[in-house]
Amino acid sequence: MDRCGLQRLRVLIIGQQNSFDHVLAANIRCRGHEVVVLPSAEWLTKMDVAAAGDVLLYDLDAAFHIQPATGEQNPGLSGRGSARSAVALPMKTDLRGLQDASILAALSGVQRRFTIAMSSDSVSRLALEQINAVALLYKPFEMGLLQRYFHVLQRLLLEQQSQLPATAKGERTRVLVVDDDEAVARTIERCLLDESRYAVAVAHNGLEALEQFLDWHPRCVVTDLLMPWMNGYQVIRCLAGVPGTLPGFVVMSALHQHEVPLDRAYLAGNTVEYIDKPFQVSHLLSAVERACSA
């Protein structure tokens, strides 16, 4: 058990076998979790027994052979540059590293509930989809941010046998609105509150959305697609990664037709409605109603 009384996580790390890996592992152990540092993704193909854990931390610098910029010290766990984790950077990194069949085959043999990618450079959504990553941390990052992810994932694992509470007669149906644009979030909130049947909470990024979900258990999640910390599909992937009753989802984006996941398995059996941005209020309300009644 960790300091908060939650079951400790078994964390697997695939990195570059350098000082960053060792510092990262030591920090995670100090927070009460079990850590296994694996030599490399390629090495996993030679193992007779598959590695297994709750969370895989995969350093994409190893896959893409990315080196720190000239003059930059080895990435650490300080706050320096941590703001990069909260913004969407240009998608520059290509897929050559992840298109190597041996690497993908090795990762498929790692038994884990969740994958968090780490990188010194920006990474395309497609690359993250290939390794089923639920989040991307840009190095260097604050250890407190990784601990926040761990805490949410621990709580999700505890929720695996839970059921969404039934809406009592006369009680408003709970809807969680997630959008990093505060003006858009307020607009959606007002549209829903004009309907007396809804109670509304708001989150402004994917990680906050998971925290709100665990605290409030909404019947429906209305989420933007492209957001910091976790995008809309990564939020759904996290919630679908543990057994239990899921809320209905309304995904809002001007790009969703171009951002359909490669692997839709985690969407199967879940109610997912789509709304284009800019949206019409009538379309939004109809989608929320369908998601709530599923």
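## Charge pairs, nonpolar cores and backbone features of the chain

Arg290 is partly exposed, with a relative accessible area of 41%. This value, like every other in this section, was computed from a predicted model. The side chain of Arg290 takes part in a salt bridge with Glu273, in which the closest N and O atoms are 3.1 Å apart. The two partners come from distant parts of the chain, with Glu273 in strand 10 and Arg290 in helix 10, 17 residues apart. Unlike its partner, which is partly exposed, Glu273 is buried, since its relative accessible area is 18% and the limit for a buried residue is 20%.

The protein chain as a whole contains 10 helices and 10 strands. It has 294 residues, of which 49% count as buried. Among contacts in the chain with a separation of 6 or more, 77% are accounted for by residues 24 or more positions apart.

Side chains of opposite charge can pair when their charged atoms come close. The structure holds 14 salt bridges in total. One of them brings together the side chains of Asp215 and Arg155, at 2.8 Å from N to O. Because Asp215 belongs to helix 8 and Arg155 to helix 6, this pair ties together parts that are 60 residues apart in sequence. Asp215 counts as exposed, at 56% relative accessibility, whereas Arg155 is partly exposed, with a relative accessible area of 22%.

Another salt bridge is found within helix 7. Here the side chains of Glu182 and Arg186 meet at 4.0 Å, N to O. The two residues are four apart in helix 7 (residues 182-193), and are therefore separated by about one helical turn. Both ends of this bridge are partly exposed: the relative accessible area is 46% for Glu182 and 42% for Arg186.

The interior of the model was examined next. The largest nonpolar core has 49 residues, and those that touch the most other members are Leu24, Ile28, Leu57, Ile116 and Leu146. Helix 6 supplies the largest share of this core, nine residues. A separate core of 20 residues lies apart from it and includes Val175, Leu192, Tyr198 and Val222. The surroundings of Ile28 illustrate how a core residue is placed. With neighbours within four places in sequence left aside, Ile28 is in contact with Val11, Ile13, His33, Val35, Leu57, Met143, Leu146 and Phe150. Two of these contacts, Leu57 and Leu146, are themselves named above among the residues that touch the most other core members.

A search of the whole structure found one aromatic pair. This pair consists of Phe20 and Phe141 in an edge-to-face arrangement, with 6.2 Å between the ring centres and 90° between the planes. Phe20 is in helix 1 (residues 19-30) and Phe141 is in the loop between strand 5 (133-138) and helix 6 (143-158), so that parts of the chain 121 residues apart are linked. Both Phe20 and Phe141 are buried. A charged residue also adjoins this pair, as Lys139 lies over the face of Phe20, 4.6 Å from the ring centre.

Lys139 recurs in the description of Asp21, a residue of helix 1. Asp21 is buried yet has no salt bridge, and the nearest side chain of opposite charge is that of Lys139, 6.4 Å away. That distance exceeds the 4 Å within which a salt bridge is assigned. Once neighbours within four places in sequence are set aside, the contacts of Asp21 are Gly15 and Gln16.

Several backbone features stand out. Lys139 is joined to Pro140 by a cis peptide bond, with omega at about -5°, and Pro140 lies in the loop between strand 5 and helix 6. A cis peptide bond likewise joins Lys277 and Pro278, with omega at about -5°. Pro278 is placed in the loop between strand 10 (272-276) and helix 10 (281-293).

Positive phi values were also found at residues other than glycine. Asn132 has a phi of about 60° and lies in the loop between helix 5 (125-130) and strand 5. The relative accessible area of Asn132 is 30%, which makes this residue partly exposed. For His217, phi is near 50°, and His217 is located in the loop between helix 8 (206-216) and strand 8 (220-224).

Key:
Residues numbered from 1 in each chain as written. Predicted model: local features only at pLDDT ≥ 70, side-chain atom pairs only at ≥ 80, totals over all residues. Heavy atoms only, no water. Phe/Tyr/Trp six-rings, centres within 6.5 Å; stacked < 30°, edge-to-face > 60°. Buried < 20%, exposed > 50% of the residue type's maximum accessible area, 1.4 Å probe, protein only. Lys NZ or Arg CZ within 6 Å of the ring centre and 35° of its normal. Lys, Arg positive; Asp, Glu negative; His and termini not counted. Contact = heavy atoms within 4.5 Å. Core = buried A, V, L, I, M, F, W, Y, C linked by side-chain atoms within 4.5 Å.
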